[in-house]
Amino acid sequence: MVTETVQPSRLANGEADNSLHKERSHIPHQDSKRRRGNSGSDRTVTAHNENCTCPDATDNVDTNTQPGVVFKKSRVQREMTVQDMYNKESFDDEDEDDSDWEPMQKHVEIKKWFCTNCTMVNLDDIDIVYCDTCGEHKESGILRLGFFASPSSQGLTEVELEVKDRCKDSHSGIPQSDSCTVIGFDERMLLHSEVEMKSHPHPERPDRLRAIAASLATAGIFPGRCYPISAREITRAELKMIHSAEQIEAVELTSRIYASYFTPDTYANEHSARAARLAAGLCADLASAILSGRAKNGFALVRPPGHHAGVRQSMGFCLHNNAAVAALAAQAAGAKKVLIVDWDVHHGNGTQEIFELNKSVLYISLHRHEGGRFYPGTGAANEVGSEGAEGYCVNVPWSRGGVGDNDYVFAFQNVVLPIASEFAPDFTIISAGFDAARGDPLGCCDVTPAGYAQMTHMLNALSGGKLLVILEGGYNLRSISSSATSVIKVLMGENPGCKLDHCVPSKAGLQTVLEVLKIQTNFWRSLKSNYAKLQSQWEVYISENKRKQIKKVRRAAGAPLWWKWGRKRLLYHILNGHFRLKSKGC
Ligand code: Q9C
Ligand code: ZN
C-alpha cells in the first residue's frame with residue numbers, strides 16, 4: 001500500500017546527518033559482557049578513543065575516558081548535580097591539559113563500573129563498592145528484590161527475606177479481574193536495548209522494568225493481588241489513527257537492522273519495533289478492559305515510552321505514542337471524553353501534537369520547562385490547543401528543577417482537578433513518568449512516593465475510577481520502583497497515606513500556577529473564583545516580602561558596627577554556655 005521509500009531525513013527528525021539506521025553488524029554483541037549476575041555492568045575502557053562517534057553525547061556523558069579525567073570526575077561529582085553530569089557532553093579540560101599524553105598511554109586500561117541503580121560511573125577500586133552518586137551497592141540486589149533490597153548490601157538480608165515471605169503469604173489466590181487492578185507486562189519489551197557500545201549506559205534501559213517487576217513481586221502485588229493481561233502487538237490500522245505511514249514504516253524498518261537511531265538519544269535494535277507494538281497493544285487492551293468493566297483499573301508496565309512520539313516522528317526515547325493509542329482505544333470502546341494527565345518531568349510534545357485540535361481528548365501536562373531550556377522545549381503555558389480546541393491542552397511549566405510534592409499537589413488542587421472535573425472525562429489516562437521523582441538523574445526534582453500516591457488518589461475521583469496508568473520515563477531504579485508501587489497500591493484501593501491537604505507551594509511554584517490560571521480562566525469557568533483568591537494571596541505575599549526586605553536593608557545599613565559584632569558575640573556566649581551545660585549532662 002505505502003510504496004514511498006523512507007528518507008533518512010524523515011527518520012532523523014531533522015537530524016539526518018546523525019546517521020540513521022547505521023549498519024553495525026560488525027560490532028560483536030556486548031550483552032554477555034554487560035551483565036555479570038546482578039552487578040553493575042563492568043566495562044573495560046581503553047583510554048581515549050579519538051574515533052568515538054558516540055551519537056548520544058547529549059544525554060550520555062562521559063565521552064572522554066582518559067584515566068586522569070575519570071579520577072577528576074569522581075572528585076568533582078559532589079559539587080555537580082547529577083543532571084549536570086548527564087548534560088555535560090565531555091569533560092571539559094579547562095585545568096586539565098592533555099597535550100602531554102603520550103601515544104603509549106593510549107593503551108592503558110582503566111576499569112570502571114556503572115551503577116545498576118542510577119547508571120553513573122564509578123572507579124573499579126576494591127574499596128569502592130558503593131555508587132558515588134546514589135550510594136547503591138555495586139552488586140545491587142534491586143533486580144531480584146526491587147526496592148526492598150537494601151541499597152547497601154548485595155545479598156538477601158534476613159529482613160528482606162522476612163518481607164518477601166510476609167508479602168507473599170498475605171495475599172494468595174487468583175483475583176477477580178473485574179474488581180481488580182490489571183497490570184500489562186511482557187518480557188519481550190526487555191529486548192529493546194541499545195546495542196552500540198557507549199561510554200555510558202543509556203538511561204532508558206531494560207532494568208527499569210525488571211526493577212519495578214521485582215518490587216511488585218516482592219511485595220506480593222504482581223504476581224499476587226493484581227491480574228495480568230495477555231500482550232498483543234498493536235495493529236498497523238490502530239497505529240495509523242495516530243502516526244503517519246512514514247513514522248510507522250520507519251519504526252518497522254528497524255527490526256531488520258542491528259542498531260539504528262531516530263535521534264542521537266533514541267535508539268532501536270531488532271527487537272525494538274515489536275517491543276513498541278507490544279507496549280501500545282497492552283495500553284490499548286488495558287484501556288478497553290477498563291472501559292468495558294472487565295478490569296477495575298490498570299497499570300501499563302511498558303517500554304519504550306511514548307509521550308514524545310508525535311504524528312511524524314520518534315524521539316526522546318519514544319517510538320509509538322502509547323497514551324495516544326490508549327485514548328483512541330478507550331473511545332473505540334465507548335468513551336466520549338478522555339483525559340490524559342502527564343506528570344513525566346518532560347513535556348509530552350508528541351501527545352500534545354496528536355490531540356492539539358481535538359476537543360474530545362483533554363491533555364494536561366506538568367513538566368520542567370525553564371523558559372524552553374529544558375527538553376524538549378515545548379509546553380509553555382500559552383500552548384492551549386487550537387482551531388476550536390483552545391483550552392483542551394493545559395501546560396503547567398515549572399520554571400526550575402527541584403520541584404516537589406507540595407508544588408505538584410498544589411497544582412493538582414488549583415489547576416488539574418478543577419479543569420478535569422469541569423471536563424468530566426469518561427476515562428482517565430496518566431502518562432506516568434517517574435523522572436520527577438526524588439533521586440532521578442535526568443529530572444532532578446523531588447516528588448516522593450507519597451506525592452505520587454496522592455496525585456493518583458486525586459485523579460481516581462474522576463471518571464468513576466476508570467483510570468489507566470502508563471509508564472513513561474524515570475531512570476533511578478529505586479525511585480521508579482517505590483513510586484510505581486505506591487501508585488499501584490492506590491489503584492488497588494489502599495489509602496494514599498499521609499495527607500498533603502493544605503500544602504504550601506514554593507514561590508516559583510505559585511507563580512507558575514498563577515500564570516497558568518491567568519491563561520486557562522479564558523476557557524474553564526471553574527477556575528475563576530480560585531484565580532482571584534490566589535492572586536490576592538500572592539499580592540499579600542509580595543507586599544509582606546517587600547516590607548521584610550526593607551526592614552532588613554534598614555537594619556543592615558543603620559546599625560553601628562559595635563552593635564552587629566556585639567550581637568554575634570552574645571550569641572556565641574549563649575551557645576557556648578548551652579553546649580557546656582549539655583556536655584556536663586544537664
Ligand atoms: N540535550 C522520557 O523521559 N534528552 N524521555 C535529550 C538533549 C532526552 C526523556 C537531551 C530526554 C528524553 C520519556
Ligand atoms: Zn521524561
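Are Arg 303 and Glu 204 buried or exposed? Arg 303 is buried, and Glu 204 is buried as well. The model toured here is predicted.

**First stop: the pair Arg 303 and Glu 204**

Select Arg 303 together with Glu 204 and display the side chains, which form a salt bridge with an N to O distance of 2.7 Å. Arg 303 belongs to the loop between β8 (297-300) and α12 (322-332), and Glu 204 to the loop between β4 (181-184) and α7 (207-218), so the salt bridge ties together parts that lie 99 residues apart in sequence. Add Arg 208 to the selection: Glu 204, Arg 208 and Arg 303 are linked in a network of salt bridges. The structure as a whole holds 16 salt bridges.

**Second stop: two further salt bridges**

Select Glu 353 and Arg 312, whose closest N and O atoms are 3.3 Å apart in a salt bridge. Glu 353 sits in helix α13 (residues 349-355), while Arg 312 is in the loop between β8 and α12, so this pair joins parts 41 residues apart in sequence. Glu 353 has a relative accessible area of 23% and is partly exposed.

Next, select Glu 238 and Arg 232, a salt bridge in which the closest N and O atoms are 2.9 Å apart. Glu 238 is partly exposed, at 25% relative accessible area, and Arg 232 is partly exposed at 28%.

**Third stop: the zinc ion**

Centre the view on ligand 2, the zinc ion, and select Asp 344, His 346 and Asp 435. Asp 344 appears twice among the protein donors, each time through OD, alongside ND1 of His 346 and OD of Asp 435; the donors lie 2.0 to 2.7 Å from the zinc ion. The spacing of these donor residues in sequence is D-x1-H-x88-D. Asp 344 and His 346 are both buried.

**Fourth stop: two loop residues**

Select Lys 466, in the loop between α15 (449-460) and β13 (467-471). Lys 466 is partly exposed, with 24% relative accessibility. Add Ala 289: the C-alpha atoms of Lys 466 and Ala 289 are 10.0 Å apart, although 177 residues separate them in sequence.

Then select Glu 139, in the loop between β3 (121-123) and α5 (142-145). Its relative accessible area is 31%, so Glu 139 counts as partly exposed. Ser 152 is 13 residues away from Glu 139 in sequence and 9.2 Å away, C-alpha to C-alpha.

**Last stop: a positive patch**

Finally, show the surface and select Arg 547, Lys 548, Lys 551, Lys 552 and Arg 555, which form a positive surface patch. Arg 547 is located in helix α18 (residues 528-558) and is exposed, with a relative accessible area of 56%.

Key. Residues are numbered from 1 along each chain as its sequence is written. Chains are lettered from A and ligands numbered from 1 in the order in which they are written. This is a predicted model: local features need pLDDT of at least 70, side-chain atom pairs count only at pLDDT 80 or more; totals for chains, interfaces and linings use all residues. Side-chain values use heavy atoms; hydrogens and water are left out. Donors are N, O and S atoms within 2.8 Å of the metal (3.2 Å for Na, K and Ca); water is not among the atoms, so sites may look incomplete. Buried means under 20% relative accessible area, exposed over 50%, partly exposed in between (1.4 Å probe, protein chains only). Patches are made of residues with over 30% relative accessible area and no salt bridge: like charges are joined within 9 Å, nonpolar side chains (Val, Leu, Ile, Met, Phe, Trp, Tyr) within 5 Å. Accessible areas come from the Shrake-Rupley method with a 1.4 Å probe; for residues, only the protein chains shown count as cover. A salt bridge is a side-chain nitrogen of Lys or Arg within 4 Å of a carboxyl oxygen of Asp or Glu. Lys and Arg count as positive and Asp and Glu as negative; His and the chain ends are not counted. The place of a charge is taken as NZ of Lys, CZ of Arg, CG of Asp or CD of Glu. Helices (H or I, at least four residues) and strands (E, at least two) are DSSP runs, numbered from the N terminus.
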